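Subject: Structure handover

Hello,

Please find the structure below. My notes on it follow, starting with one interface and ending with confidence.

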Amino acid sequence: MDEALSAPVLALEGIRRSFGPVEVLHGVDLALRPGRVHALIGENGAGKSTTMKIMAGYQPASAGRLLVGGEEVRFKTMAEAEARGVVMIHQEFNLAEHLTVEQNLFLGRELKRGILLDKAAMRRRTRELLARLDRPLDPDLPVARLSNSDKQMLEIAKALSREARVLIMDEPTAVLTLAETAVLMEQIRALRAAGTAILFTSHKLDEVKALADDLTIMRDGAVVYSGSAEALSPHDMAEAMVGREMSDLFPPKPSLDPAAPLALSVRGLEVPGHASGISFDLRKGEILGVAGLIGAGRTETFEGLCGLRPAHGEIRLFGESVRFRAPSEALAQGVAYLTEDRKTRGLLLAKGMRENLTLQALRKFARILVDRRAEERALDRAVREFDIRAGSRGMLVGNLSGGNQQKLLFAKTLLSEPRVLIADEPTRGVDIGAKQQIYALLRELAAQGLAVVVISSEMQELIGLADRILVMRQGRILGEVAGAEMTEEAVVRYAMGVARHVRPGEIRSEETA
Amino acid sequence: MTAPLPASSPTPAAFAPRRRISMTVVGPILALILLAALGAWLNPNFLSAANITNVLARSAFIGIIAVGMTFVITAGGLDLSVGSMAAFIAGLMIMVMNAALPSMGVGIPIVLLGMGAALLAGLLAGLLNGLLITKLGIEAFIVTLGSMGIYRSLVTWLADGGTLSLDFQLRSFYQPIYYGGIFGVSWPIVVFGLVAILGEIVMRSTVFGRWCAAIGSNEQVAKYSSVKVARVRLATYVMLGLLVGLAVIMYVPRLGSASASTGLLWELEAIAAVIIGGTLLKGGFGRVWGTVVGVLILSLIGNILNLTDLVSPYLNGAIQGLIIVLAVILQREGKSGA
Amino acid sequence: MKRILAGLCLTTAMSLSAPAFAETKTVGVSIPAATHGWAGGMNYFAQEAVKRLEATYPDLDFVLATASDPAKQVNDIEDMVATRNISALVVLPFESEPLTGPVKAVADAGVWVTVVDRGLSVEGIEDLYVAGDNPGFGRVAGEFMAKSLPEGGKIVVLRGIPTTIDNERVEGFQAALEGSGVEILAMEHGNWNRDKAFEVTQDFLSKYPQIDAVWASDDDMSVGALAAIEAAGRKDVKFVLGGAGMKEMIARTRDGDAMIPANVTYPPAMIATAIEVTALGLVSSAPVSGRFVIGSVLVTPENAAQYYYPDSPF
């Protein structure tokens, strides 16, 4: 730190926060300075979200001082915080899907001429703001049709239009691809250069390393590290977060039994509009990775396979020809799909853990009536085995942290005892400790004889976890890498369409025919 | 199949069972008790066996329908057609029984035939609503608004603008179904009670009830959890249709007639009862006992206003509206404070 | 029909004469939908009259529209003027206020207007007014009560849907009871609906240990009241007096049923009278404008047979 530190534009001093009798923040200090990027990291449940919400006026602190420009303030609403130039961007975007880019940008503070809306002026301002971010989106496009990264940009543009001095971003890269992440990082650097104070959280420690100037690490509601980001390596950061030494992130890969039976054999699967000519094999006990850019048709392919969307093609399950017209049929045959979108497709956020856990396998708990005590026992077991940490047993699932939600989703999916598990983005928005647990779990399941497909956008994850990786692009399988060939470079070459490989299914079908 | 995870923390979450009396539970019951106390205080006859029987028996039609409505609403649907459907089924049942009278004569078989016709008509009507909603994907509001008009017109047409009346002798024979009873409890009350108890069990403790709540809470999640969304939703409408048929079986012997004004606004009373009882109008959570309380609250208001000269009869509607809104506010306050 | 015409009470004489035209003319008839028994009967008589008159007068066309609410009725009337070019309009207003303006516009355009049963809020719009006698309806019922019950007799009253008609009837009823010593215990709206009347009567029976008679004021409500009394097994109620002459009730009076000793007419057939007289005015030069009030008559076992229309749905 050779430069003289400027005065903090926003500072927390000894912030405490209690929910009922439970204190979740135990005196947090944190200072954001203009023109600097500050990363806040910690495991899920460490108190990051609460800290950010107090900064942005979503929640009041129970004790402690909040200073803006050196002056003590007390935000009663987020609008008061915004008026002071403190804006927060949520992980789940706060955008009205059916409104256009421009309408979202000015939502709640529309420009008017007399009593009528001044659409021309709003459109002009929209173009200016998006041009500043180097994202010339059509102002009339409905937000529902934007990609995740464009939504992120729109959120940032919204913050800029409110003249944010402090920008708080909750996991801005969680739903972005590598390329999109790179663009975002450029924008963040540009904002920093313009003097904005930026706080962000991320579970991707290499990003933190690349982007942050200052770093705060939290654990169990308290700050355990505060200082320069440069001083710590990603490994040090992970250890500080978890509070113990991190062994290897990925479990060792055992050598595969070549005589293991084929669990799933797919030939010429077509998912109209999304994928065609999909052929691959999956052995019992194997973890098959599926890589590709967002939009490559990975999710759609496997949703088609499981009967979640119309598809046709030849599917053999342990040698038997099957056809799934509905997810219930796939599940009855032991093929389970774990969705990438746990909040809108995976879990009932307004319900408790018990109802969620048993929803998919509910028939197992019911003769005529649902046996609630058996459900409670299953929950006890799931909480223990999957290390689900919840404040109380009756807690709504929507209030669990992302990692705990994901563990619950795993518990739910595995409760139906599948033979083939398709896990779509199994570690999205999950902290490093939980990630490690999930990797170990997947490997353990495979060792027990489950056939596992892991779809992921995180290259390192696939390389570290999978036995083989299929690479998809534009609805087709372009290649397969395995063993020593599994490098990031090889996968990216296929994903970008630079290299082309003979489809493995074609070879195998000849071998096994 | 489940592999134990290597615990990253030695302390798993401490689960202290925490139960708190919530206003969402107490609210409707409190409203019912207050109303009953008010009634007893204003008129000593209120608590007489005869009056209690009257109130419960007349609640039975809407009550039976409202139990079915609870499932439809919990699964994220709505049915506006039940009042008209009841009128139509009542008309149909009367016509079937009158038509069969010359050949079958007065007796139990003809009553059973009428009952069968009512249940079958209810099942078909519910199936029609349900298929249009689930197969063609039309909004429940629009489908049932349409069928509401259709059934209302049909019954007017069947009755030629007047009233369909059950043959007098047949009615005298059939009457005990409404006025008679067992152990001093009249049949409509017995049937309503059974439907309510079964409904509560189905909602609370069966796969079907849980699926209804899951679909109403988030259809996508239900779909991804291998719930047969369309089939469950269809079943809620069919069940409601059957219960409308059952309500009609209780209704016809009372006055032995059906006309264009039969069942007028029953759909709104049933929906109001469901919501007063704490079921969410947008779906995802439902409770049948709450609906029963809601039905009783609505009936008691009318009864108390008739038994007393508290307010001008012109204001009856206003008092009812006020109490409905109050009952719901009571619950909301509970929710925000919870 | 003749019997109804015989009961006509001509209050105003008239002068206008309508010249006969050779070309086809259209008569619009706009009435409320059959939402209760009386309206059902009225619909029946309107349809019958239209059928008969179309056969009788080949030069006349009829358009019949039923409306379930006042706004729909306004639309019906506007459509008739705009698309059917009607020469005469027979209207039974759903409610007086909302229909007054639109009907006045029709009259101002030179169309013959016949108003039935419910008067418009502004006088002098219609060419012909045919109505029942609502205060008279209440008065006849009240006089019967006063005559049939001893001094100190206790009655309860089921009122209709809160409207001017209902108010006029109840006022007439109360006026007729004055000084008779008959006490009205309570009045409650039964909305001319069987189910509602059943429930209200049940509650009256719970509330009052002694009720001598019920004025149900409408035969649909009589049905509900009778069922409630029978179910309660109450012997203190000596009779129920309905009104408007539903055929089943007339039959029971005719057959000497002690619970239904009488009825008071309020003939739904008045719509037929109105259509018939309007048609007559269009095809002939007979003078037909003015006010016709059809009096309410007490039906007793002696004269019940002549008020019994077996084909009417009401």
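**Contact between chains B and C**

Chain B and chain C bury about 2500 Å² between them, and carbon and sulfur atoms supply 42% of that area. The residues of chain B that lose the most area to chain C are B:Leu255, B:Asn306 and B:Tyr314, which together make up 23% of what that side buries. This is a predicted model, so please read the values as computed from it.

The contact draws 34 residues from chain B and 28 residues from chain C. Three salt bridges are counted between the two chains. In one salt bridge, the side chain of B:Arg254 meets that of C:Glu199, at 3.9 Å from N to O. There are also 15 residue pairs in polar contact between chain B and chain C, with both residues at pLDDT 80 or more.

On the side of chain B that touches chain C, the elements giving two or more residues are helices H2 (49-74), H7 (176-179), H11 (229-255) and H13 (288-307), along with strand S1 (163-165), of chain B. H13(B) gives the most, with five residues. By type, the residues of this side are 10 nonpolar, 19 polar and five charged.

**Confidence in chain A**

Chain A has a mean pLDDT of 85, with 94% of its residues at 70 or more. Among the elements of chain A, strand S20 (residues 451-455) has the highest mean pLDDT, 95, and helix H18 (residues 504-512) the lowest, 37. Over residues 502-513 of chain A, pLDDT stays under 50, and the model has 13 contacts beyond four places in sequence for this stretch.

Regards

Methods:
Residues are numbered from 1 along each chain as its sequence is written. Chains are lettered from A and ligands numbered from 1 in the order in which they are written. Side-chain values use heavy atoms; hydrogens and water are left out. pLDDT is the predictor's confidence in each residue, from 0 to 100. Helices (H or I, at least four residues) and strands (E, at least two) are DSSP runs, numbered from the N terminus. Contact means heavy atoms within 4.5 Å. Buried area is the accessible area (1.4 Å probe) that two parts lose on being put together, summed over both. A salt bridge is a side-chain nitrogen of Lys or Arg within 4 Å of a carboxyl oxygen of Asp or Glu. A polar contact is a pair of N or O atoms within 3.5 Å; within protein, one must be able to donate a hydrogen and the other to accept it, and residues adjacent in sequence count only if both atoms are side-chain atoms. Ala, Val, Leu, Ile, Met, Phe, Trp, Tyr, Cys and Pro count as nonpolar, Asp, Glu, Lys and Arg as charged, and the others, Gly among them, as polar.
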